[in-house]
Every structure is written in C-alpha cells, then in structure tokens.
Amino acid sequence: MSPFRHKSNVFGHYATLIVLALITLIPIWVMVSTGFKNDVLVQQKEPVWFLFVPTIENYEYIMNRGKFDRYLWNSIIVGVGSTVFTLVFGGFCAYALARTEFRGRVLVANSTLLVRMVPPAVLAVPAFAMVVNFGLDNDRAVLIFFYTALNLPFAIWLLFGFYKQIPVELEEAAIVDGASPMQVFVRVLLPLMTSGYAVAGIFTFRISWNEFILALLLTSRKTRTLPVGAAGFITDTGVEWGRIMAMGTLIVIPPLLFTFFAARQIIAGMTAGAVKG
Amino acid sequence: MQRLGPYFFILPAVAIMATGLLYPVIQAFYLSFFDWKIGTDLEDAPWVGFRHFIRMATDADVLESITVTLRFGFWTITIEMLLGVALALLLEKPIRGASLFRTVFILPLMISPVVVGLIWRYLFDARIGWINYYLGYLGIEPQVWLGDADLAFFAIVFTDIWQWTPFIFIIVIAGLQALPSEVLEASKIDGANWWQHILFVKLPMIRSILVIALLLRLIDVFRALEVMYILTGGGPGRATELLSLHIYNRAFDTQQLGYASAISVLLILIVFSLSFAILVIGNPMKDKADV
C-alpha cells in the first residue's frame, strides 16, 4: 500500500467521522441555541445558527415562573434515591450471584434478565392501580420504588460482570488473615468495585432522570419531575419553543456531563450486554 | 449463615423486582378480565371474562397499531443495522481522536427521550421548522410533516435512526476490535479480497453480536413510546401510534384500563418471547459462581 493511499484513507476516515458528528450535534445545537433566542427569532422562518444576540429571558421565565426549582428538586430526589437503592441492593444481589452457589440461583439469574425488558407501558396501568387501590400518596417514594425496580436488572447484570473480574484469591487471602465476611466485602471488594458502581450508577441515574411516562402518570402538581415539566410547555394554544428548549437544555446537562467525563465506561456498559453475552 | 447467607444478599433486590416488575405484569393479566374505568373503584368493575381478548382480535385500531409497530420496526432496524454495520466496518481502524467522536455519537442515547421528541418536533415544524426551510432550497414545498400520515411516519422513523444508529455502530465496532488478529491476518495471507474478508470472515465472527443487537432493537420497538408521545402523540389518526403508545392512550386517554390491560398482555407475550431468545443465546449470570 502506498503512503499516498494511506493518507487519503485517513482523510476520508476523518471526513466521514466529522460529517457523522455534525449530524449528531446539529439537532442538539438547535435546541441549545433556540433556548437563547427571543420570541421573534424563534418564530422567524429563516434559521439563525450563530449570529444573534443571546437572551436569557427564557431561562429567567422558567426559573422564576416556570417552577423549575421545584421540578429540579423532585428530579434530584427521585434520581438520587433510586440510584442509591439500586446500587446497594443490586450490588448485594450481583455479589451473591457471582460468588455463591444456592438453590434457585439460575432461576434468579434468568428471571432478572427476563423482567429487564418489561415495557414501561405495561407497568403504567398496574402502577396506577396500585397507587389508587393502596391509597399511596407519596408520589416521589412511589417513583423511586418503580425506578429502582426498572433499573435493578441491568445494574445487577453490569455489577455481576465486574464482580466476576475480581480474582477470588483476594477474598480467600483476606479470610485466611481472619477478616469477617462483612470486612471482606467492605475492605477488599468495594474498593475494587468503584468503577463498576460508577458505571451502574450513571446508567441508573440517567434512566431515572430522563424517565417521562411513569412520572407523567404518577406525579401531581407538586411532585412533577423535569421531563414532565418540560412537556407541560406544550399547550393547546401552541408550543412555547424558546422556553421549552431552555428547559430541554437544562435537562440534558447532567447526562451531557456524564458522557464527557465517563464516555469510555458508558460505552463499556452499553457493549457489555451484546459483546460478552 | 453459610446456607442462608446468599438469600439475605439477594432478598431486597428480588423483593423489589417481584413487586415492582413481576406483580404489575400479573396484575395486567388480572385486570384484563375486568371492565375497569378511571375514576371508579376496581371492586365495582364488572368481570368480563375473555371479552376484551375477543374484542381485541377483531379491533381494527389494535391491528393498525400492530401494523404500524411492525412497519416502524422493519424500517428503523433495517436502516440502523445496515448503516451502523457499514460505518463500523468503514471506521473500525483505531485513529487518533476516535474516542472523542465516540463520545459525540453516544449523546443521542444519553439525552432524555422527551428532549429528543421536542427537538425533532421543532425541526419538523410545518411553519418554523428548519427542515422545511432547507428543503425549500431544493425546490421542495413546505410540508406539514407531523400532520400527514405518511410524513409523520417518516418523521418518527427518521428520528429513531438519528437516535439509535450510533448504538449499533458502537457495539459493532467494539465487537470488531475484539476479534483475534491472527484470524484476520490469516484470511489476508490466504488472499481474501476486501469483500470476501468482510462477508466470509468478519461478519460471521461477530454474528452473535449482530443477532443480540437486532433483538435488543426489536424489543425496544415494542417498548418505545416517549419520543412518539411528544413528537406526534400517535397521530395523525393512528399513523404513528406504536403498540406501547396505543396501550397508554387507551388506558389514560379513552380511560379503558381493563381493555388496555388486555392489550398489555399481548405486548408482554411478544416482549417476553423476544427476551427469551436472548436468554437462549446466553446469560452470563447463569454460569457457575466462583465459590
């Protein structure tokens, strides 16, 4: 292969990647930029890409009158709550599946994988029925519960893989040195599991943070989460695009930060299911 | 302790999954035998036996929604697989900066489906949407994208492709880069040309990844509703009402909770049989534990 041909290959390679990156990024830029436009610009037919005077009036509106702080607080409670429960209980379960033999182990492993795919639409009616029939009135607790349930299967699957990578000899050595099972778990395993828990935590938090349909159904005025709040800007009289895009921009900040700081781990988590399975 | 220990570890997670996922599924079966409407007590709901299922079998709306779902699945998955695999084969060679590009490509998967729906609803807007504006340069008249059955269907397919092609791309690339280099070298030494190399060596070796990716996407087609809920609400008519969205609209728009549950049962059966196929291919958690 001549060096020239190689060079042109690399050029084509980069050119393709750049085009693909633009296709991915342009819609996101449309959202971010529209959030900073005033209503005249938003309603005008000719798209404005960069050259406009940014305004923060949309942000001011959603902060002051759009109840953003309340939605944000609800989203944080629900997101953090479900993530903590998922990691603690999912971690225990994955550990037991990876390290102990017990009757029913295969059953638990298989049914965990099976319920992972339960469609949210199927959960909607029964969840609504549970709330109505049992008179549950703490919306956020109900959401935390369902998000934990929805996230546990994938978290267990991911953490199982991470526990499997830790050599058993490490634990055996600690036991020989006289460590109790709890000490083995906390002192030996957890430090080696930080990246595993981080990946599982990112996936769980992101799903809970982004979830819309159950939140729409199970929350009321006071307990709405951010995605439900954003959808609320779609009204019968039209869509308030500037405000809704500002809200959308704020909603994507945490997932965006995760992506930029932990892209490698997220991709590893995404591919784990297919490539190892 | 030795014998009960594992059960203490799995109990909380199993209990939550049983009440939060399994119980609702069983409840859906149970509710499908009642004519329960919103605002009434479940105890007062009349028992209707299999009437919902009989009605469902001849319900043109349910049938249409299943057709829409299958058409949607066919177009999105075919295009995403072809595009994702082609791009992965083209771009698999590690180059400087590849990780930055991969970071960008997973963005559509990380942001909220509600936000994805909102962005594309704006872009497809008939009056101020950017898509109509730039199509104008090509001499194409402005279209009411989300108000016409075929165009709205195109819009949800297009949005799905934008969002999910990177997923296929990324897992196929991971699979390709994990292939043992000896085999690839051997095929080159044996004189395989570029096409033979891909068709007879690379693709067969990542076969199981392709099958799993396909099944995962197929399951997602039956689970999806949030993007369409925002983008079109299932309309116009039922042109973009995927099965999941149909169930939701039935339950909370027309308020037929019992009938919606009967359709849920159908959805559960479809999704569980697809999941079962993944289980048959392999569940790493089934492997013997290291004791």
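In this predicted model, 87 residues of chain B are in contact with 88 residues of chain A. Helix 1 of chain B, spanning residues 5–31, gives the most to the side of chain B that touches chain A. Its share is 18 residues. By class, that side of chain B holds 69 nonpolar residues, 13 polar residues and five charged residues.

One residue of chain B illustrates the pairing. Neighbours within four places in sequence set aside, Ala13(B) is in contact with Phe89(A), Gly90(A), Phe92(A) and Cys93(A). Leu152(A) and Ile156(A) are also in contact with Ala13(B).

Ala13(B) recurs in the largest nonpolar core, among the residues with the most contacts inside it. This core has 158 residues. Cys93(A), Ala124(A), Phe146(A), Leu214(A) and Val172(B) are likewise among those with the most contacts inside the core. Helix 7 of chain A, residues 139–165, gives the most to this core. The helix provides 18 residues. Domain 1 (1–55) and domain 2 (63–276) of chain A each supply the core with at least three residues.

Attention now turns to chain A itself. Its secondary structure comprises 13 helices and two strands. The radius of gyration of chain A is 23 Å, well over the 19 Å that the globule rule gives for 277 residues, so the chain is more spread out than a compact globule. Along the principal axes, the C-alpha atoms of chain A fill a box of roughly 75 × 70 × 30 Å. Of the 277 residues of chain A, 46% count as buried. Contacts in chain A with a separation of 6 or more were also examined by sequence distance. Residues 24 or more positions apart account for 76% of them.

Chain A is divided into two parts, domain 1 (1–55) and domain 2 (63–276). The C-alpha centres of domain 1 and domain 2 of chain A lie 32 Å apart. Seven residues from domain 1 of chain A and six residues from domain 2 of chain A take part in the contact. On the side of domain 1 that touches domain 2 of chain A, helix 1 (3–35) and helix 2 (39–43) of chain A each supply at least two residues. Helix 1 of chain A gives the most to this side, with four residues. Three nonpolar, two polar and two charged residues make up the side of domain 1 of chain A that touches domain 2 of chain A.

Key
Residues numbered from 1 in each chain as written. Chains lettered and ligands numbered in written order. Predicted model: local features only at pLDDT ≥ 70, side-chain atom pairs only at ≥ 80, totals over all residues. Core = buried A, V, L, I, M, F, W, Y, C linked by C-beta atoms within 7 Å. Buried ≥ 20, exposed ≤ 12 C-beta atoms within 10 Å, placed from the backbone. Domains from an automatic or database assignment. Contact = placed C-beta atoms within 7 Å. Rg over C-alpha atoms; globule rule 2.2 N^0.38 Å. Nonpolar A, V, L, I, M, F, W, Y, C, P; charged D, E, K, R; others polar.
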